[in-house]
Each structure stands twice: as C-alpha cells, then as structure tokens.
Amino acid sequence: MIRKIDVAIANLKAKRQADQVNLKTRLEQVLGHSDKLYVDKGEYDEEHESHLRNELVIWANYAESGPTFDPDGKYLCESCDMRKGTDQCMRVHGPISFSDGGCRIYVYGKEAENEADMPTKLTQLEATYSERPKEKAFGCKNCEYSAEAKKPDSAGRPSWCKFWGIHIIPTACCFRNDSEDDTGPKEW
Ligand code: SF4
Ligand code: SF4
C-alpha cells in the first residue's frame with residue numbers, strides 16, 4: 001500500500017527535478033546571450049540607435065545625462081543619494097557596500113537625502129543590486145560589453161556597446177552592466 005508520505009516525497013522529488021531542469025534551461029538562455037552580440041561593423045544606423053537609446057533610458061536605466069548620470073562613471077552606492085549611514089539604503093534591503101555596490105535605481109547625489117526608509121524595501125534581486133569588489137566601479141568603461149567604436153557617432157560618442165548595439169559614452173551606464181568580478185545580489 002502506498003502511504004501518503006511516499007506520494008508526497010515522490011511529488012517533491014519530481015518538482016525538484018522539474019525546477020532543476022527549468023533553472024538549467026534559464027541559465028543556458030542567459031549565458032547563451034553572451035555569444036549573440038552586436039558586432040561593430042563600422043556601419044551604423046544612427047536613427048535607430050537614437051530611438052533605442054531613448055527607450056533604454058526608460059526601461060534599461062541607461063544614463064548619459066540627467067539625475068541618474070554619474071560624471072565619474074562609477075555608479076556606486078557611495079555617490080547615490082539614497083544611501084544611509086555606513087551600509088544601508090532607504091529603498092533597497094541591506095546591508096549594502098558603499099565602495100563596491102550599486103543598483104539599477106541609482107540616483108547621483110554627493111549629499112545623501114536622509115529621508116525615512118521605505119516601509120517595504122526592494123530586495124537586492126528586485127533592484128538588480130550587485131557588487132564589483134575588484135574594479136570598484138560600474139559604468140560602461142568598466143563593462144565587458146563596451147569597446148572603442150570603429151567610428152564615433154555624429155554626436156561624438158566614442159564607444160560601442162555590443163549588448164545593445166548602440167554608440168555610448170564611457171561614463172554612461174545601464175542595468176545590464178557586467179564583468180567577471182560582478183557578484184550579483186548578496187540576497188534574493
Ligand atoms: S542600493 Fe541602489 S538605491 Fe541604494 S544606495 Fe546603492 S545604488 Fe543607491
Ligand atoms: S556597455 Fe554595458 S553598461 Fe554600458 S550600455 Fe552597454 S551593457 Fe550597459
């Protein structure tokens with residue numbers, strides 16, 4: 001006779017296997033992206049780039065000017081106006097690292113806002129919080145997807161982002177910033 005506990009264990013094992021398959025598939029999808037990038041051919045469609053760049057400001061947190069632009073091109077918590085104390089953030093669950101960390105809702109501010117914490121903060125995963133312990137900087141010039149463009153665009157942007165397929169400036173940044181020392185969130 002099959003006991004209920006055996007059925008429950010069998011179901012749990014099946015679910016765990018399914019989860020592992022889903023995770024593997026997802027990881028292959030994500031990791032596979034790095035093989036499929038926009039090659040800089042030296043021939044550009046600036047109208048398309050401009051259209052995409054304006055959209056990236058909205059949904060990829062691309063910054064090359066305005067309140068989310070860091071003139072130093074590092075985009076670290078230490079220059080974000082939402083940092084608090086020595087290792088906390090008013091909107092993202094801590095502790096965070098001021099010297100190594102950053103996230104996609106970064107706002108430049110030499111002076112911290114020092115406003116009350118959000119009642120429910122974003123998780124580090126939700127905010128795409130991550131750390132760069134070796135480089136201690138994000139920004140396009142510290143991202144594996146950037147390189148000097150074969151030709152600058154008509155506005156003088158000297159670099160090419162092979163992830164999005166647009167000209168960029170070295171001190172810009174977006175949420176997809178990545179490199180070997182990128183740790184990802186410390187908690188999910
Ligand atoms: S975790 Fe994000 S919002 Fe908080 S201080 Fe760092 S960059 Fe700013
Ligand atoms: S080079 Fe990196 S950080 Fe800059 S726009 Fe491209 S993906 Fe984003």
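Eleven nonpolar, two polar and one charged residues make up the shell around ligand 2 in this predicted model. In total, 14 residues surround ligand 2. The closest are Cys140, Cys143, Ser146, Cys161 and Cys174.

Ligand 1 has its own shell. Here 15 residues surround the ligand, the closest being Cys77, Cys80, Cys89, Val92 and Cys103. By class, this shell holds eleven nonpolar, two polar and two charged residues.

**Confidence**

The protein chain has a mean pLDDT of 89. A value of 70 or more is reached by 81% of its residues. Residues 18-25 are a weak stretch: their pLDDT stays under 50. The model gives this stretch zero contacts beyond four places in sequence. Where pLDDT is low, the predicted coordinates should not be read in detail.

**The nonpolar core**

The largest nonpolar core has 31 residues. Val92, Cys140, Cys161, Ile168, Ala172 and Cys173 have the most contacts inside it. Strand E6 (159-161) and strand E7 (166-168) each supply at least two residues of this core. In soluble globular proteins, nonpolar side chains tend to be buried together.

Some of these core residues also belong to the ligand surroundings. Val92 is among the closest residues to ligand 1, while Cys140 and Cys161 are among the closest to ligand 2. Leaving out residues up to four places away in sequence, Val92 touches Cys103, Lys121, Leu122, Gln124, Ala127 and Tyr129. Of these, Cys103 is also one of the closest residues to ligand 1.

**Helix H2 and what follows**

Helix H2 covers residues 46-59, 14 residues in total. From its first C-alpha to its last it reaches 20 Å, close to the 20 Å expected at 1.5 Å a residue. Asn61 comes just after H2, in the loop between H2 and strand E1 (83-84). Tyr75 lies in that loop between H2 and E1 as well.

Most residues other than glycine have a negative phi, and most peptide bonds are trans. Asn61 is not a glycine, yet its phi is positive, about 55°. Tyr75 is not a glycine either, and its phi is positive at about 60°. Further along, a cis peptide bond joins Gly94 and Pro95, with omega about 5°. Pro95 sits in the loop between strand E2 (88-89) and strand E3 (101-102).

**Two tryptophans**

Trp164 is placed in the loop between E6 and E7. Its contacts, not counting residues up to four places away in sequence, are with Leu52 and Leu56. The C-alpha atoms of Trp164 and Glu49 are separated by 9.0 Å, although the two residues are 115 apart along the chain.

Trp188 lies in the segment after E7. Neighbours within four places in sequence aside, Trp188 is in contact with Thr123 and Leu125. Trp188 and Tyr129 are 59 residues apart in sequence, and 9.8 Å apart in space from C-alpha to C-alpha.

**Burial of four residues**

| Residue | C-beta neighbours within 10 Å | Class |
|---|---|---|
| Trp164 | 20 | buried |
| Tyr75 | 29 | buried |
| Asn61 | 19 | partly exposed |
| Trp188 | 8 | exposed |

Trp164 counts as buried because it has 20 C-beta neighbours inside 10 Å, and 20 or more are needed for that class. Asn61 has 19, so it counts as partly exposed. Trp188 has 8 such neighbours and therefore counts as exposed.

Terms used:
Residues are numbered from 1 along each chain as its sequence is written. Chains are lettered from A and ligands numbered from 1 in the order in which they are written. This is a predicted model: local features need pLDDT of at least 70, side-chain atom pairs count only at pLDDT 80 or more; totals for chains, interfaces and linings use all residues. A residue is near a molecule or strand if its C-beta atom, placed from the backbone, lies within 6 Å of it. Ala, Val, Leu, Ile, Met, Phe, Trp, Tyr, Cys and Pro count as nonpolar, Asp, Glu, Lys and Arg as charged, and the others, Gly among them, as polar. A nonpolar core is a set of buried Ala, Val, Leu, Ile, Met, Phe, Trp, Tyr and Cys residues joined through C-beta atoms within 7 Å. A residue is buried if 20 or more other C-beta atoms lie within 10 Å of its own, exposed if 12 or fewer, and partly exposed in between; C-beta atoms are placed from the backbone. Helices (H or I, at least four residues) and strands (E, at least two) are DSSP runs, numbered from the N terminus. Two residues are in contact if their C-beta atoms, placed from the backbone, lie within 7 Å. The expected span of a helix is 1.5 Å times one less than its number of residues. pLDDT is the predictor's confidence in each residue, from 0 to 100.
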